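Please look through the structure below at an easy pace, keeping the sequence beside it. The paragraphs that follow begin at the ligand and then move outward into the protein.

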Amino acid sequence: MNPPRLNELAAAAAALLARERECFDAAVLAVARRCAERGRLSAPRLDAQQVVCYELALASAELLAAQTVLAEGSGSTDIDARLALAFAAEAIVAVLGRLEAVVLETELSRAPLQAIAADERLAELRRAAAGAAALAQLGRDVADTDVEIGQVELDEPVAMARDAFRRFAAEVVAPLAGEIHRRDLTVPETLLRPMREMGLFGLSIPENHGGSAPLEGEDTLSMIAVTEALSEASLAAAGSLITRPEILARALLSGGTAAQRAHWLPKIAAGEPLCAIAITEPDYGSDVAGLALKATRTSGGWLLDGAKTWCTFAGKAGLLMVVARTDPDRSLGHRGLSVLLVQKPSYEGHAFDFVQDGGGALRGRAIRTIGYRGMHSFDLHFEGLFVPDDGVIGSEGGLGKGFYFTMAGMQGGRMQTAARASGVMRAALNAAIRYAKDRRVFGAPLIDFPLTQAKIARMAARFAACRRLTYAVGRMMNDGGARMEASLVKLLACRSAEMVTREALQIHGGMGYAEETPVSRYFVDARVLSIFEGAEETLALKVVARSLLEDALARAGEGTQ
Ligand SMILES: Cc1cc2nc3c(=O)[nH]c(=O)nc-3n(C[C@H](O)[C@H](O)[C@H](O)COP(=O)(O)OP(=O)(O)OC[C@H]3O[C@@H](n4cnc5c(N)ncnc54)[C@H](O)[C@@H]3O)c2cc1C
C-alpha cells in the first residue's frame with residue numbers, strides 16, 4: 001500500500017473513531033446518570049449496571065489503543081502503519097458491538113451507531129486494511145520481514161537496557177525456561193545471580209537508595225522494556241521477578257520511615273533478600289478491604305495469626321510484605337489494615353516450615369499450577385509469628401494505612417503486567433511464524449495459506465497495538481498520570497495475550513499441545529495474566545468504569561466529589 005493511500009485510510013479511521021468516541025462519551029454519561037445518587041456513584045447502582053460497565057471498560061481500552069496507534073502512525077514503518085490500520089478497523093467494529101449492547105440498556109438512540117456502521121468509509125477501511133486479501137498480504141509481510149514490529153521510540157539508555165536484557169534472555173534464560181516449567185523447578189541461582197548483577201531488582205528504586213530510578217519522577221519505560229525482554233524468554237522464571245520488588249519498594253517509598261527506607265531499599269535493589277507479597281487470603285482476593293489475617297500487639301511488636309494464599313516466591317524470599325489487620329474492629333474495613341515486613345530464611349522447593357525461637361511459626365506449601373512455574377505460589381499459615389515494631393511500614397504512623405501503601409505499588413505492578421503480556425505475545429508470535437514456515441500441510445508450507453497469513457496478521461496487529469499502548473501509558477506515568485490507563489492497558493494486553501497465544505498454539509496443531517513445545521507454556525502462562533495484579537473484572541468495574549463514570553458526571557457538571 002503506498003503512503004498516500006495509507007494516510008487516506010488512517011484519516012478515515014481517525015474520523016470514524018472520533019465519531020465513535022462521541023457515542024462512547026454519551027453512553028458513559030447515560031450509564032453514569034443511572035449509577036448516581038445525588039451526584040455520587042452509588043455502589044448498589046453500580047453493581048446493577050455491571051454488565052454495561054464491563055462493556056464500557058473494554059470499549060474504552062480498544063478505543064484508546066486504536067487512537068494511540070493511529071496517532072503514532074505517521075512515524076511508523078510501513079508494516080506498523082498497516083498493522084495499526086488493521087487493528088483500528090477491527091476495533092471500530094468491536095466497539096460498535098459493545099456500544100450497541102450498552103445503548104440498548106439506555107434511552108439513547110441507536111441512530112448514531114447505525115450511521116457509523118453504515119458509513120461507506122468503514123466498509124472501505126475494513127476491505128482495504130482488514131479484508132481477506134489485505135490480512136493475507138500483511139501476514140505474509142510480517143512473516144517475511146526482518147524489521148521489528150510494534151516499534152516504539154526509546155531513549156538510548158532505555159534501548160541499551162532492553163538490548164542487554166534481550167541478549168541475556170535469549171542466551172541464558174531461554175535455554176533453561178522449558179525445563180523449569182516441565183519439572184516445576186525453583187528459579188536457579190544461575191539466573192538470579194546475573195540478574196542481580198545487571199541491576200534488575202533496583203529498576204524502580206531511586207539512585208540514592210541503591211537502585212537506578214531517577215530521584216525525581218519515574219523511569220517506567222526502562223521497567224517496561226526490561227520486563228518485556230525477560231518475559232519473552234520466560235514469564236515465570238524471569239519476566240515476573242521484578243514485580244515483587246516493584247510493589248514493596250513503592251509501598252516503602254510511599255509510607256516507610258526514613259530508617260526503613262535506608263535499611264531495606266538498598267537490599268531490595270541488590271536482590272538480597274528476594275521478596276514476596278502476601279495480600280490474598282483464602283476468603284478475600286479482589287475484595288482487599290475485607291482481609292482478615294490478624295496482627296495482635298505484644299511486647300515489642302506484633303503476632304501474626306491466620307492464612308494467606310497465592311504468595312508467589314514465598315519460599316525463596318527472605319522478606320515478605322504482609323498486609324494484616326492491626327485493628328480488630330472489622331467495621332473499619334480497609335482502614336484497619338497495615339503492612340508488616342516478615343523476615344525469614346530462604347528455602348528451595350515447594351514447602352517450608354519456619355519456626356522462630358519464641359515458638360512463632362510460618363508454614364508454606366506451594367499450590368500446584370498449570371503454568372507460571374519457577375517461583376511457586378504458596379499457601380501460608382501464620383501461627384503466632386512475631387514481627388518487631390520496626391517491621392510495620394510507617395511504624396506507629398503507618399498503622400491503618402496499609403491499604404494505601406499497597407495500592408501505591410499497584411499502578412506500577414499493572415504496567416509491569418502489561419509489559420509481561422507484550423513479552424509473551426512477542427514470543428508466541430515469533431514461534432508461530434517459525435513453525436508456519438517449517439511445517440508443510442497438503443503439500444505446501446503452512447505459511448502459504450491465506451488463513452494462516454490472516455491469523456499471523458491479526459496476532460501481530462494485537463501485539464503491536466498493546467505494545468505501543470503500553471509504552472504510551474508508561475510515558476503518561478512518567479509525567480505523573482495514568483492511574484486509570486495503567487489498569488486499562490493491563491486489561492487489554494492480558495486479554496490479547498490469551499488470544500495471541502491461543503492462535504500461536506493452534507498454528508502448531510498437535511505439537512502445540514505437547515509440553516515440550518514452548519508455545520504450550522506461553523499459552524498456560526498467558527492465562528494467569530488476567531487473574532492477578534487486579535483481576536480483569538475488578539479492574540474493569542472498580543477502576544476503569546468507575547473512573548469513566550465519575551469523569552463523565554464531573555464534565556457534565558453533575559458530580560459532587
Ligand atoms: C499464579 C498466581 C500468582 C499469584 N501471586 C500472588 C502474590 O504473589 N501475592 C498475592 O497476594 N496474591 C497473588 N495472587 C492472587 C491474585 O491476586 C488473586 O487470585 C486475585 O486478586 C483474585 O482474587 P481471588 O482469586 O480471590 O478471586 P475472587 O476475588 O474470589 O474473584 C473470583 C472471580 O470473580 C470476579 N469478581 C470479583 N469481584 C467481582 C465483582 N464485584 N463482580 C463480578 N465479578 C467479580 C473476579 O474478577 C474473578 O474472576 C496470585 C494468583 C495466581 C493465580
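A nitrogen atom of the ligand lies 2.7 Å from a polar backbone atom of Ile 277, a separation that falls within the limit for a polar contact (a pair of N or O atoms within 3.5 Å; within protein, one must be able to donate a hydrogen and the other to accept it, and residues adjacent in sequence count only if both atoms are side-chain atoms). Ser 286 approaches through its side chain, with a polar atom 2.7 Å from an oxygen atom of the ligand, while Trp 310 has a backbone N or O atom 2.9 Å from a nitrogen atom of the ligand. Taken alone, the ligand exposes 970 Å², of which the protein buries 67%; such areas come from the Shrake-Rupley method with a 1.4 Å probe, and for residues only the protein chains shown count as cover.

This is a predicted model, in which local features need pLDDT of at least 70 and side-chain atom pairs count only at pLDDT 80 or more, whereas totals for chains, interfaces and linings use all residues. Residues are numbered from 1 along each chain as its sequence is written, and side-chain values use heavy atoms, with hydrogens and water left out.

Which residues come nearest to the ligand? Of the 20 residues around the ligand, they are Thr 280, Ser 286, Trp 310, Thr 312 and Glu 537, where a residue is near a molecule or strand if one of its heavy atoms lies within 4 Å of it. By class, this shell has 11 nonpolar, 7 polar and 2 charged residues; Ala, Val, Leu, Ile, Met, Phe, Trp, Tyr, Cys and Pro count as nonpolar, Asp, Glu, Lys and Arg as charged, and the others, Gly among them, as polar. At least two residues of the shell come from each of β3 (275-278), β5 (301-312) and α19 (536-555), these elements being DSSP runs numbered from the N terminus (helices are H or I, at least four residues; strands are E, at least two).

Two residues already met at the ligand can be followed further. Ile 277 is found in strand β3 and counts as buried at 13% relative accessibility, since buried means under 20% relative accessible area, exposed over 50% and partly exposed in between (1.4 Å probe, protein chains only). Leaving aside neighbours within four places in sequence, Ile 277 is in contact (heavy atoms within 4.5 Å) with Arg 244, Ile 247, Leu 248, Cys 311 and Met 321. Glu 537, by contrast, has its place in helix α19 and counts as partly exposed, at 44% relative accessibility; beyond the neighbours within four places in sequence, Glu 537 is in contact with Tyr 54 and Lys 542.

The loops that lead into these two elements deserve a look. Most residues other than glycine have a negative phi, and most peptide bonds are trans. In the loop between α13 (258-270) and β3 sits Pro 273, which is joined to Glu 272 by a cis peptide bond with omega of about 5°. In the loop between α18 (518-528) and α19 lies Glu 533, a residue other than glycine whose phi is positive, near 55°, and which counts as buried at 14% relative accessibility. Another positive phi, near 50°, belongs to Asp 184, in the loop between α8 (156-182) and α9 (189-197).

Turning to the interior, the largest nonpolar core has 173 residues, among which Leu 125, Leu 200, Leu 304, Leu 380 and Leu 549 touch the most other members; helix α4 (residues 78-103) gives the most to this core, with 16 residues. Such a core is a set of buried Ala, Val, Leu, Ile, Met, Phe, Trp, Tyr and Cys residues joined through side-chain atoms within 4.5 Å. A second, separate core of 25 residues includes Ala 249, Ile 277, Ile 279 and Leu 319. Apart from neighbours within four places in sequence, the contacts of Leu 200 include Phe 165, Met 195 and Val 226. Phe 165 itself lies in helix α8 and is buried, at 5% relative accessibility.

A charged residue in the interior completes the walk. Is Arg 468, in helix α16 (residues 450-478), buried or exposed? Arg 468 is buried, with a relative accessible area of 3%, and its side chain is joined to that of Glu 72 by a polar contact of 3.2 Å.
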